[in-house]
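Please open the model in your viewer and keep the selection panel at hand. The tour proceeds from one selection to the next.

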Amino acid sequence: MNPQLDEDRRTTGPNPSDAPRLSLSVVVPCANEEEVLLETHRQLTAALAQLSLTFEILYVDDGSTDSTPGILRQLQLGHDRVKVLRLSRNFGHQVAITAGMTYAGGDAVVVIDADLQDPPEVIAEFVKSWREGYDVAYGVRTERQGENAFKRGTAKLFYKIIGWLSNTDIPADTGDFRLMDRKVVNALLSMEEHDRFIRGMVSWLGFSQLAIPYRRKSRLAGKTKYPLVKMIRFAIDAILSFSTIPLKVATGFGFLASGMAVVGILLAFY
């Protein structure tokens, strides 16, 4: 990113004459989203067209087995601003986002899922905050339509647990729906974690961050890509990545078991 351009954005605030020089990349991870992709693209391009900046949309096909790859090829052929990255198999949501950010070329990067639960029009609020000098603008769900009480309850419990165990302040009721300045993206990509928890990693990095409240909608179509088993695995990976307490507990039990074994050996000799 041009340092002078970044400095201009911070010191002078929004300036219509500077707007065309700024560019935005939108990363959209997709996994078997054939039922919603065309409507997603329509709403996304309509929202982005209202912004005074250039943009590109980078769809990441995370090993889809339906007609998603064909639909994405059509979108790419019909629109100059569309790029498609197809992974060789399903690597998971967090890896797909990381792959998209690797190939994104904008001064800022927005991450949004393809299911339209996160409204594309909120991106305008993200961009406004970015122009005001914030490095990260992230969505906070004030309402979660289409989710049952069990899912809402487990999500709330997860954020309580990770907030208690971790030294990193990870905001509750957030997802990966956010805008990140180029320097934040570069810092994030330099982190070599294998089991990635992007919302936590962005919080850990610091920078100036602003929460943008919004109402999360129900899925327009298709099925969730996070069934219970995947949610539990994702939660465990997040907790292990952002807290040393489980490691300390495991180490403590290891010393305890070793001590009991030594005592047992001495008693046997006696």
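Begin by selecting V184, A187 and L188 in helix 7 together with I198, M201, V202 and L205 in helix 8; these two groups meet each other. By class, this contact of helix 7 with helix 8 consists of 7 nonpolar residues, with no polar and no charged ones. The model on display is a predicted one.

Next, extend the selection to the whole of both helices, residues 198-205 being helix 8. The axes of helix 7 and helix 8 lie 10 Å apart and form an angle of about 115 degrees, which makes helix 7 roughly perpendicular to helix 8. The crossing of helix 7 past helix 8 is right-handed.

Keep helix 7 (residues 182-189) selected and add helix 4 (residues 93-103). Here the packing angle is about 125 degrees, with the axes 10 Å apart. Helix 4 is therefore oblique to helix 7. These two helices cross in a left-handed sense. To view the contact itself, select T98, M101 and T102 in helix 4, which meet V185, L188 and L189 in helix 7. The residues of this contact comprise 4 nonpolar and 2 polar ones, and none that is charged. L188 deserves a label, since the residue appears both in the contact with helix 8 and in the contact with helix 4.

Now turn to helix 2 (residues 37-49) and helix 3 (residues 68-78). Their axes are 10 Å apart, at an angle of about 35 degrees. Helix 2 passes helix 3 in a right-handed crossing. On the helix 2 side, select L37, L38 and H41; on the helix 3 side, select T68, I71, L72 and L75, which they meet. This contact holds 5 nonpolar and 2 polar residues, and no charged residue.

The next stop concerns aromatic rings, for which the model has 2 pairs. Select F177 and Y214: the ring centres are 5.4 Å apart and the planes stand at 80 degrees, so the pair is edge-to-face. F177 belongs to strand 6 (residues 174-181) and Y214 to strand 7 (residues 209-216), so the pair ties together parts 37 residues apart in sequence.

Finally, colour the model by pLDDT. The protein averages 79, and 68% of the residues score at least 70. Which element has the highest confidence, and which the lowest? Strand 4 (residues 108-111) is highest at a mean of 96, whereas helix 1 (residues 3-12) is lowest at 45. Select residues 1-19 to close the tour: pLDDT stays under 50 throughout this stretch, for which the model has 26 contacts beyond four places in sequence. Where pLDDT is low, the predicted coordinates should not be read in detail.

Key
Residues are numbered from 1 along each chain as its sequence is written. This is a predicted model: local features need pLDDT of at least 70, side-chain atom pairs count only at pLDDT 80 or more; totals for chains, interfaces and linings use all residues. Side-chain values use heavy atoms; hydrogens and water are left out. Axes are lines fitted to C-alpha atoms, for helices over the stretch in contact, and angles run from 0 to 180 degrees between N-to-C directions. Helices (H or I, at least four residues) and strands (E, at least two) are DSSP runs, numbered from the N terminus. Angles under 35 degrees count as roughly parallel, over 145 as roughly antiparallel, 65 to 115 as roughly perpendicular and the rest as oblique. A crossing is left-handed if the near helix is turned anticlockwise from the far one by less than a right angle, and right-handed if clockwise. Contact means heavy atoms within 4.5 Å. Ala, Val, Leu, Ile, Met, Phe, Trp, Tyr, Cys and Pro count as nonpolar, Asp, Glu, Lys and Arg as charged, and the others, Gly among them, as polar. pLDDT is the predictor's confidence in each residue, from 0 to 100. Rings of Phe, Tyr and Trp (its six-membered ring) pair if their centres lie within 6.5 Å; planes under 30 degrees apart count as stacked, over 60 as edge-to-face and the rest as tilted.
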